[in-house]
Amino acid sequence: MTEPVISVEDLSIEYRIGREWLSAVESVDLRINPLQIHGLVGESGSGKSTVAMAMIHYLARNARISDGRIIFDDQDLRTVGDSAIREIWGNQISLVPQNTMDSLNPSLRISRQMTEVTRRHLGIGATEAHERAEDALRHVQIADPEQVLSRYPHQLSGGMVQRVMIAMALSTRPRLVVLDEPTTALDVTTQAVILDLLRDLIKEEEAAALYVSHDLGTVAQLCDYVTVLYAGEVMESAPVDELFAGPRHPYTAGLLACLPSSTGGSKARLTNIEGVAPSLGARSSACVFADRCPLATDTCRRSKPPLEDAGDGRLVRCWRWREIAAGEITPFETSQRTERAAGPSRSLVLSAHGMSKRFGEKRALDRLTGRRSPGVQALRDVSVEVNERSTFGLVGESGSGKTTLARSILALIEADKGELRLSDQPVSLELKHRDRETLRNLRTVFQNPDDSLNPYRTVGQTIGRTIHKLSLERRSRSAVRAQVEELLTAVGLTADYYDRRPAFLSGGEKQRVAIARAFAPNPALVIADEPTSSLDVSVQAVIINLLKDLRAAEGASYIVISHDLEVVSYLADNIAVMYLGEIVEQGAGEAVLRFPSHPYTEALLSAAPTPDPAARHHPIALRGEVPSPRNRPSGCPFHTRCPRKIGTVCETDVPPVRTGENGHEIRCHYPLAELKAIQDAGPPASGPSAADTPPDEEGDR
Amino acid sequence: MAEKDYAEPAAHAAPAPGSAPKRRSRLRTAITANPLAFIGAAGVVIFVLLTLFGPLLAPYSYDQIIRGTDIGGETRRALTSRPPSADFLFGTDQRGRDIFSRMLWGARETIGLPLVATIISVIIGSSLGLFIGYVGGLVDDIISRILDSLISIPAMVLALVMISTIVPLLSASGSRLIAVLGPSNISLTTVIVLIYVPIISRIARSATLSVRDRGYIEEAKLRGEGTMHILFRQILPSVLPALVVEASLRLSYAIILVTSLGFLGLGVQPPSPEWGRMVLDARTQISEAPWELWYPVLGIAVLIISFNLMSDGIRRLLRNEE
Amino acid sequence: MTRYILRRLLLLAVTLLVTSFLIFALTNLLPGDIARLVLGRDASPTAIENFEAKFGLDRPPLAQYVDWLGGFLTADWGRSFTAGNPPVRDLVLSRLSNSLRLAGLTLAIVIPLSLLLGVVAALREGSITDSTISVVSLSVVGLPEFVTGIVLINIFALWLGWLPATAYIAQDMSFLQWIRLLILPALTASLVLTGYITRMTRAGMLEELKKPYVRTATLKGIPYRRVVFAHALRNALLPTIAVIALSIGWLMGGLVVIENVFNFPGVGSLLVTAVTQKNLPVLQAISVLIVFFYASANLVADLLFALLNPRVRLS
């Protein structure tokens with residue numbers, strides 16, 4: 001057996017809450033071999049970040065390691081002392097953190113922050129350190145390192161800062177790199193490029209890495225070996241292929257089955273893991289997952305299973321893993337139950353035509369001083385149509401205008417131009433001119449469940465008020481209450497949630513309440529803007545199922561907005577892809593996800609991290625990042641990044657709309673047949689991804 | 001040990017939903033966690049009670065000149081500058097008035113007046129701040145600019161400028177009500193309100209801005225709620241903690257302002273026994289009757305310290321709640 | 001950056017214009033008869049008429065404001081209502097230097113002391129040192145200036161006899177004599193400000209130490225003192241600049257009281273006299289002057305902040 005780079009034995013961590021010490025992590029074992037990228041996966045609250053930070057002996061003030069050993073370089077990091085650990089940090093162990101923009105000192109230049117670490121550990125002078133920093137930046141495919149080094153963090157884009165962090169973390173050739181959700185804050189296309197880069201660089205530097213993430217897709221794409229954490233305990237660890245191919249712990253199986261991509265198509269329901277994770281410090285003698293496990297027996301509820309060696313370098317903590325491995329029992333079966341009797345109707349519930357919105361800042365002082373901000377064209381002449389009893393999916397990265405479109409339809413912002421019809425009746429673009437009937441029919445579910453409910457009002461007050469304001473006939477207090485309770489049951493909660501305040505609800509429960517509130521007045525159309533993006537995978541599955549069920553039961557339509565193609569393709573009948581305030585492609589779901597696609601859609605599809613290690617590939621690398629809408633490229637807005645660019649025509653001429661079968665539309669200079677031919681031939685040659693893009697010049701005027 | 005020096009927010013240190021401890025034990029933890037705040041709060045309660053019931057407890061009236069016969073003596077002479085004794089807890093002043101009684105009566109001007117003025121300011125200021133914060137646009141721009149200008153005049157200077165005009169203005173108005181309540185009381189209250197309204201509305205405005213675009217506010221708009229409902233039912237509760245902290249802080253400053261103006265001879269006018277004014281009158285007596293100076297000074301000090309400790313406690317408590 | 005400075009200067013001008021108008025409006029709120037108020041109830045109609053003509057009080061209020069503003073900008077600050085009608089400008093300027101010395105010494109004590117205490121308290125969060133600093137800055141130090149002043153006078157002047165109780169200023173005083181004179185008033189002013197700035201510095205430092213970049217710096221393996229001094233301190237002190245500017249406004253108000261406690265011949269005590277005597281020209285001049293100093297302090301703070309903060313400087 002090879003000597004691991006770092007190994008953790010029996011690690012337990014406690015947090016001090018008030019006056020008590022509560023157990024957050026319990027006897028975790030983990031070993032990372034040389035050259036291995038080790039994934040540490042778990043949902044929020046699983047303790048994955050706590051474990052990762054404790055492993056490098058960096059603890060929050062209110063945390064302590066209560067037990068265990070951390071062996072790195074033949075010594076226990078718990079006992080090496082302050083000055084010795086500072087010899088290791090930055091030198092042999094380094095970190096690429098999650099929120100990179102905040103992880104750099106805002107008032108120091110990049111050069112200073114990068115050279116600091118090499119000068120400290122490599123004993124080199126300022127000039128040499130500077131040269132090394134340049135090399136390091138070149139290594140992460142930054143074309144003009146001198147330029148980047150002379151800048152302050154706020155002058156760089158998110159993707160650029162992430163590259164700097166990676167370059168910095170690797171600059172001392174550490175033996176272990178800890179990657180703490182390094183791409184969570186980035187757009188899909190940027191994430192794909194960064195992950196690709198990370199995988200290559202770590203191998204090249206012959207380092208080992210710990211990759212902490214909640215996202216099974218990226219884990220499958222990046223890691224060699226995976227440890228699954230639940231409620232502060234290791235459930236299972238295995239080589240990545242085996243884990244994804246044959247999970248042996250019911251929790252792992254459940255997580256994989258929760259993913260929208262796990263089902264063959266949008267016909268099947270997603271698997272739900274019922275219940276919620278135990279709260280901090282709630283350790284019992286039972287298996288921590290027993291309460292939510294469909295296979296739990298009396299043994300599981302009585303005593304905790306040991307972490308057993310399951311052969312092939314796998315570890316499992318389950319009493320019944322042998323049965324699972326042998327295929328005698330299956331933890332979470334994907335039910336093939338199809339819903340919905342009535343299919344989408346031909347008649348339109350909503351048509352939006354020529355929607356445009358420009359944001360500009362006008363303040364009294366600016367007017368006084370004659371300062372005029374250029375303004376941002378957030379929507380350009382966008383038209384969408386939503387059929388009755390159907391789901392319309394909107395996909396795009398940040399800055400694509402998808403949220404602006406949704407908010408314009410809701411009249412939360414007033415579009416400059418455009419025509420809206422709801423069930424064939426014209427509707428005002430201004431909220432104050434909308435009648436109750438319109439408000440009743442057009443409802444929304446917000447992205448962030450934490451701020452969509454007023455923390456000072458109970459669930460009953462929140463939903464009841466909506467019924468009171470919008471329902472067709474006046475109702476008595478008790479009738480409203482009865483209806484609220486009925487709605488709560490419909491979204492899978494119970495009537496005793498009526499008097500609770502949002503602070504006592506989990507994220508998923510809040511989102512259910514928000515959905516109940518949206519459906520309270522029987523709307524015709526519900527707009528859901530990233531309804532699951534702030535939720536854990538298992539909760540996301542519950543919400544997606546709920547949305548599907550409600551559509552079937554209530555006969556409403558949806559507009560679902562997401563950056564996540566998987567979610568949209570699972571839910572939507574029709575999909576539109578937006579880029580810089582325009583729809584670049586739209587059509588029936590299957591048509592959009594198949595070739596021919598707009599080159600941007602093609603890149604998005606390629607960038608989406610598939611939770612299947614066998615399907616690893618180099619994603620289509622888009623150059624740079626989404627341009628700021630302030631300086632929108634001429635011609636085709638995508639030409640600056642397009643790997644299929646034809647030539648100057650893309651820069652000068654607005655591309656025509658190419659119409660295919662069943663109303664499939666693509667805005668591209670390529671005719672559809674030609675586009676299909678080149679796309680079927682294979683992905684475009686991977687260009688020098690960020691190399692020829694100058695750093696974001698935003699802050700420099 | 002290394003970890004002592006690092007501060008890092010714990011990823012999941014907050015207790016899980018549903019496991020919130022009971023209210024009672026939370027109060028107890030709050031007290032034990034911050035005993036000074038508790039002492040301060042106790043002091044504040046005592047002072048407020050004195051404000052309400054002080055005159056009932058006072059052995060003498062605030063302007064009564066005590067003569068020997070009043071305490072069973074022979075002489076009709078005023079008992080001037082008597083040191084503290086069983087008869088006169090805090091002694092008497094140079095005119096023969098009981099300092100203890102004067103301070104009990106004076107609590108109305110010293111504590112009651114700032115309290116009332118602060119409450120009025122909070123009501124007006126928070127309504128204004130909520131409104132301009134929510135409405136935004138040109139209305140907000142113009143009103144904010146005026147408020148900012150008022151704030152850019154230091155409070156004491158603004159107070160002096162206003163006092164020079166408001167007192168004569170009120171005296172000249174000839175209103176019965178003003179005459180009964182005392183022109184200087186009214187004018188001091190007005191001054192405090194005018195100074196505080198801009199400050200409090202600015203706090204309320206920025207708190208409003210931070211919740212204005214929350215989902216629940218937008219949802220309220222989407223179900224057709226009116227501005228009043230949104231302002232007072234949806235926004236106000238979230239803004240309230242910030243306002244409570246600000247109000248408790250302002251109250252303590254208001255007391256400082258009233259006593260300081262009293263000390264400058266520009267506050268509540270004699271014979272009202274406002275404590276700052278008592279300090280001013282006693283300054284000449286420092287060698288003959290030091291108690292005449294020290295009791296009001298001590299009173300003000302204990303008062304301010306109580307309020308400061310309490311408001312710091314409130315601030316911590318509300319911050320932990322979040 | 002140039003644009004930013006110009007904008008800020010314009011804003012300063014607007015603020016001064018608006019505040020001077022507010023001050024003028026407030027002091028002219030008087031129901032009609034400033035003259036009667038100054039001259040007394042029994043003044044003859046002729047005397048009143050003469051008085052009003054002399055000070056232009058018979059003109060429309062807006063015209064009075066424009067005249068006054070024009071005069072103020074051209075160094076003609078009007079004449080005092082008091083006997084002999086000395087020019088306001090001479091009266092005020094003769095006192096101003098005294099006040100500036102007092103304010104200067106106060107800030108020289110306060111700024112280094114409170115920054116030091118605040119940073120120390122933050123770095124030793126939760127220790128005895130920290131709680132002591134917190135409690136003292138919260139309680140004793142939050143007292144009104146006249147209370148602290150009186151206590152200090154009694155201890156250091158009357159009881160120990162080390163320092164003078166009142167500030168008698170002679171023409172030919174040496175620097176040391178000046179300092180001796182200024183110590184007690186400056187100390188009084190310092191106590192309040194130190195408490196406030198210390199608390200804000202502590203809070204700023206604590207907040208900064210919680211930021212992710214401090215973790216990044218720590219995990220570079222550089223020594224802890226370097227993490228604190230090279231990384232966190234500079235960012236933590238940025239907001240403190242604004243706090244100091246704010247407390248200068250407070251100091252202005254405090255000086256009014258303190259100068260009265262110590263009979264110190266500065267603009268603050270002149271201001272109180274002016275209020276008592278309804279001497280509007282002096283009152284207006286001093287108020288506008290104080291607002292000017294306060295607004296300038298804020299401007300300097302903003303520019304300093306911008307200069308030290310690349311996020312503002314480079315945008």
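Which residues have the most contacts inside the largest nonpolar core? They are Leu210(A), Ala159(B) and Ile286(C), and the core that holds them has 372 residues. The model on display is a predicted one. The tour below begins at this core, proceeds through chains B and C, and ends at two sheets of chain A.

**Stop 1: the core**

Select Leu210(A), Ala159(B) and Ile286(C) together; these residues have the most contacts inside the largest nonpolar core. Then add residues 224–261 of chain C, which form helix H10. This helix gives the most to the core, with 15 residues. As general background, nonpolar side chains in soluble globular proteins tend to be buried together.

Next, centre the view on Ala159(B). Leaving aside residues up to four places away in sequence, Ala159(B) touches Val191(B), Ile195(B), Leu257(B) and Leu261(B).

**Stop 2: chain B**

Now display chain B by itself. Its secondary structure consists of 11 helices and zero strands, so that a cartoon view follows the pattern α-α-α-α-α-α-α-α-α-α-α along the sequence. Chain B has 322 residues, of which 48% count as buried. Among the contacts in chain B with a separation of 6 or more, 70% are accounted for by residues 24 or more positions apart.

**Stop 3: where chain B meets chain C**

Bring chain C back into view beside chain B. The contact between them takes 38 residues from chain B and 43 residues from chain C. On the side of chain B that touches chain C, select helix H4 (137–151), helix H5 (155–173), helix H9 (227–263) and helix H11 (290–321) of chain B; these are the elements that give two or more residues. H5(B) gives the most to this side, with 12 residues. Colouring the side of chain B that touches chain C by class will show 28 nonpolar, seven polar and three charged residues.

**Stop 4: chain C**

Hide chain B and keep chain C. Its secondary structure comes to 13 helices and zero strands. From the N terminus on, the elements of chain C read α-α-α-α-α-α-α-α-α-α-α-α-α. The C-alpha trace of chain C spans about 85 × 55 × 35 Å along its principal axes. Of the 315 residues in chain C, 44% are buried. Residues 24 or more positions apart supply 71% of the contacts in chain C with a separation of 6 or more.

**Stop 5: where chain C meets chain A**

Add chain A to the view. Here the contact takes 20 residues from chain C and 27 residues from chain A. On the side of chain C that touches chain A, select helix H1 (2–27), helix H9 (212–218), H10 and helix H13 (310–313) of chain C, each of which supplies at least two residues. H9(C) provides the largest share of this side, four residues. By class, the side of chain C that touches chain A has nine nonpolar, six polar and five charged residues.

**Stop 6: a sheet of chain A with a helix across it**

Keep chain A alone and look for an open sheet of four strands in the order S2-S1-S4-S5, with antiparallel pairing. Its edge strands are strand S2 (20–32) and S5 of chain A, each of which pairs on one side only.

Select strand S1 (residues 6–17) and strand S4 (residues 63–72) of chain A: these strands pair in the antiparallel sense over eight bridges. One place to inspect is Ile6(A), whose bridge partner in S4(A) is Phe72(A).

Move on to strand S5 (residues 75–76) of chain A, which pairs with S4(A) in the antiparallel sense over two bridges. In S5(A), Asp76(A) is the bridge partner of Ile71(A). S4(A) and S5(A) form a hairpin with two residues between them, and Asp73(A) in the turn has a positive phi of about 60 degrees.

Finally, select residues 48–55 of chain A, which form helix H1. This helix lies across S1, S2 and S4 of chain A and runs at about 120 degrees to S1(A).

**Stop 7: another sheet of chain A**

The last selection is an open sheet of four strands in chain A, in the order S14-S13-S16-S17 and with antiparallel pairing. Strand S14 (376–387) and strand S17 (425–427) are its edge strands, each pairing on one side only. On average, neighbouring strands of this sheet are turned by 20 degrees against each other, direction ignored.

Strand S13 (residues 348–359) of chain A pairs with S14(A) in the antiparallel sense over eight bridges. Select Leu348(A) to finish: its bridge partner in S14(A) is Asn387(A).

Conventions:
Residues are numbered from 1 along each chain as its sequence is written. Chains are lettered from A and ligands numbered from 1 in the order in which they are written. This is a predicted model: local features need pLDDT of at least 70, side-chain atom pairs count only at pLDDT 80 or more; totals for chains, interfaces and linings use all residues. A nonpolar core is a set of buried Ala, Val, Leu, Ile, Met, Phe, Trp, Tyr and Cys residues joined through C-beta atoms within 7 Å. A residue is buried if 20 or more other C-beta atoms lie within 10 Å of its own, exposed if 12 or fewer, and partly exposed in between; C-beta atoms are placed from the backbone. Two residues are in contact if their C-beta atoms, placed from the backbone, lie within 7 Å. Ala, Val, Leu, Ile, Met, Phe, Trp, Tyr, Cys and Pro count as nonpolar, Asp, Glu, Lys and Arg as charged, and the others, Gly among them, as polar. Two strands pair if DSSP finds at least two bridges between them. Axes are lines fitted to C-alpha atoms, for helices over the stretch in contact, and angles run from 0 to 180 degrees between N-to-C directions.
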